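Colleague: Could you take me on a close look at one part of this model, the small sheet and the helices around the fold? I would love one connected account, with the cut-offs spelled out as you go.

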Amino acid sequence: MKAPTTETPVGAVPGLPPDLVALLSPALHPLCSALDPARGTRLFATGARPAHLFFIERGEAVLERPGLHGEVVVLQRTRRGFIGEASLQFERYHCDARVLTDAHITRLPVPAVRAALASDPAFASRWIGMLNREVRRLRLQCERLALHRVQDRVLHLLATEGEAGCYPVPGGLKSLAAELGVTHEALYRALAALEQAGRLKREDGVLRWVPLA
């Protein structure tokens, strides 16, 4: 049986992730709530009226929808950042959102975010900047998936999205393989080859890039 989702009010600014403190309009801070959903929890469903946005602080979540042949197609994979923000301008969610690992998430009410964007120009400007950064990240992802060698995709990921050359893999290597568009067997071989060549280290769920001397 799946463990229940727990929820506690965030209330004051100290309870918010630093990213959100810097981004959000102050009027939104007390309206946020903290969630600790268990693996497999569905945050919202296709066709439902948007009620909340979700900021993934820890863990991993995906946006997904059924494919033409019954398979599940992942549209977005997030380890830190928003999911559901595209629904701000629509009347219905366009996909499902599901948590892949135990997570810590901040939930924001959609009507309040819409009102703050309309009334707080400084917040609206910061929000546009956040969306622009997400567009750049997605462009890098497209560039990465165009690389032919799995090893090159791994190194590109570490160089562009790692922090100080480190990239956490909370969902495990199978999740990372899906993100890189390869089989997990191909990823295992690529990581082993990079380790043997002294280009990468694996340490407690983190991939660490070792630059060339």
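Modeller: Happy to; here is the sheet, then a helix pair, then the aromatic rings. This is a predicted model, in which local features need pLDDT of at least 70 and side-chain atom pairs count only at pLDDT 80 or more, while totals for chains, interfaces and linings use all residues. Residues are numbered from 1 along each chain as its sequence is written, and side-chain values use heavy atoms, with hydrogens and water left out.

Let us start with the sheet. Three strands form an open sheet in the order E10-E12-E11, and their pairing is antiparallel. Strands pair here if DSSP finds at least two bridges between them; helices (H or I, at least four residues) and strands (E, at least two) are DSSP runs, numbered from the N terminus. Strand E10 (166–168) and strand E11 (200–203) are the edges with a single partner strand each, so one side of each has no neighbour in the sheet. From one strand to the next, the twist averages 20 degrees. Four bridges join E11 to strand E12 (residues 206–209) in the antiparallel sense, and Glu 203 has Val 206 in E12 as its bridge partner.

Two helices lie across these strands. Helix H4 (residues 150–161) lies across E10, E11 and E12, at about 85 degrees to E12. Helix H6 (residues 184–196) lies across E11 and E12, at about 115 degrees to E11. Axes are lines fitted to C-alpha atoms, for helices over the stretch in contact, and angles run from 0 to 180 degrees between N-to-C directions; contact means heavy atoms within 4.5 Å.

Elsewhere, helix H2 (residues 110–119) packs against helix H3 (residues 121–145) at an angle of about 110 degrees, with the axes 6 Å apart. That makes H2 roughly perpendicular to H3, a label for angles of 65 to 115 degrees. Val 113, Ala 116, Leu 117 and Ser 119 of H2 meet Pro 121, Phe 123, Ala 124 and Trp 127 of H3.

Two of those H3 residues lead on to the rings: Phe 123 and Trp 127 form one aromatic cluster with Phe 55 and Phe 82. Rings of Phe, Tyr and Trp (its six-membered ring) pair if their centres lie within 6.5 Å, and planes under 30 degrees apart count as stacked. The count comes to five aromatic pairs. In one of them, the rings of Phe 44 and Tyr 93 have centres 3.8 Å apart and planes at 10 degrees, so the pair is stacked. Both Phe 44 and Tyr 93 are buried, meaning under 20% relative accessible area (1.4 Å probe, protein chains only).

Note on methods: Angles under 35 degrees count as roughly parallel, over 145 as roughly antiparallel, 65 to 115 as roughly perpendicular and the rest as oblique. Rings of Phe, Tyr and Trp (its six-membered ring) pair if their centres lie within 6.5 Å; planes under 30 degrees apart count as stacked, over 60 as edge-to-face and the rest as tilted. Buried means under 20% relative accessible area, exposed over 50%, partly exposed in between (1.4 Å probe, protein chains only).
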